[in-house]
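Got the model open in your viewer? Here's a walk through it, one selection at a time.

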Amino acid sequence: MIYYADLQIVLQEVPGQISLCVSVTGCPLRCKGCHSPFLWKKGTGTPLTDEVFITTLERYKDMISCVLFMGGEWEEEDLINKLKTAEDNGLNTCLYTGMEEVSDEIKNHLTWLKTGPWIAELGGLDSPKTNQKFIEVKTNKLLNHYFVKH
């Protein structure tokens, strides 16, 4: 079961998209310098039941174009179920993970994928020297240039 700390509408995490962002709790990665260590503790937050998720999608359906999960790959079956629900509702999907790779089963239901742990000296997606990658899954095209300020 996926648990979440909050649900927000965000504008910058997925270029060109207005996204419903699900901040998933229970992150096992614990990257040094993480901006959200409150997401580390397993079992905290609110269960993201199918009913809650569908009700939330219906509430925001005319405002959003994407559902973004900040983590959740450690609850693979439930994450895939939620991604399928988003797809069934005509929405794009994205996952932000600190891992270098996720399963093909997850990728099959993603429009975009951000990979790579937070490493302070390399910076995030807005840094030209970042280790993180933001890709379009279908084409495997690297899209980090959307985040770097010129």
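Start by selecting Ala120, which sits in the loop between strand E6 (112-115) and strand E7 (133-136). This is a predicted model, so treat what you see on the tour as such. Is Ala120 buried or exposed? Its relative accessible area is 51%, and exposed means over 50%, so Ala120 counts as exposed. Now add Cys31 to the selection and draw a distance between the two C-alpha atoms: the gap is 9.7 Å, although these positions lie 89 residues apart along the chain.

From Cys31, step back to Arg30. You'll find Arg30 in the loop between E2 and strand E3 (46-47). What is the sign of its phi? Positive, near 50 degrees, and in a residue other than glycine. As for its cover, Arg30 has 46% relative accessibility, so it counts as partly exposed.

Next, jump to Asn140, in the loop between E7 and strand E8 (141-142). Here is another non-glycine residue with a positive phi, this time near 60 degrees. Colour by accessibility and Asn140 should show up as exposed, because its relative accessible area is 56%.

Now for a residue on the inside. Select Ser19, which belongs to strand E2 (residues 19-24). Its relative accessibility is 0%, so Ser19 is buried. Which residues does Ser19 touch, once neighbours within four places in sequence are set aside? Show Gln8, Ile9, Val10 and Val14, then add Ile64, Cys66 and Leu68: each of these is in contact with Ser19.

Helix H2 is the next stop, so select residues 76-88. Put a distance between its end C-alpha atoms and you get 18 Å. Why is that what you'd expect? H2 has 13 residues, and at 1.5 Å a residue the helix should span 18 Å, so the two values agree.

Keep H2 on screen and show side chains for Asp78, Leu79, Ile80, Lys82, Leu83, Thr85 and Ala86, which are buried. Yes, the list includes Asp78 and Lys82. What do the buried residues of H2 pack against? Bring up helix H1 (50-60) and helix H3 (104-107), plus strands E4 (66-70) and E5 (92-96): these are the partners. Before you leave, click on Gly90, just after H2, where phi is positive at about 75 degrees.

Time to zoom out and switch to cartoon. The protein chain has 3 helices and 8 strands. Trace the ribbon along the sequence and the order reads β-β-β-α-β-α-β-α-β-β-β. Among contacts with a separation of 6 or more, 51% link residues that are 24 or more positions apart.

How does the overall size look? Along the principal axes, the C-alpha atoms fill a box of roughly 40 × 30 × 25 Å. The radius of gyration is 15 Å, which agrees with a compact globule, because one of 150 residues would come out near 15 Å. Of those 150 residues, 45% count as buried.

Last view: turn on the surface. About 8,300 Å² is accessible, and carbon and sulfur atoms contribute 52% of that. Colour by charge to pick out 15 positive and 20 negative side chains. How far apart are the centres of the two sets? They lie 6 Å apart.

Technical notes. Residues numbered from 1 in each chain as written. Predicted model: local features only at pLDDT ≥ 70, side-chain atom pairs only at ≥ 80, totals over all residues. Heavy atoms only, no water. Helix = DSSP H or I, 4+ residues; strand = E, 2+ residues; numbered from the N terminus. Rg over C-alpha atoms; globule rule 2.2 N^0.38 Å. Buried < 20%, exposed > 50% of the residue type's maximum accessible area, 1.4 Å probe, protein only. Contact = heavy atoms within 4.5 Å. Areas by Shrake-Rupley, 256 points an atom, 1.4 Å probe, with all protein chains shown as cover. Lys, Arg positive; Asp, Glu negative; His and termini not counted. Charge placed at Lys NZ, Arg CZ, Asp CG, Glu CD. Expected span 1.5 Å × (residues − 1).
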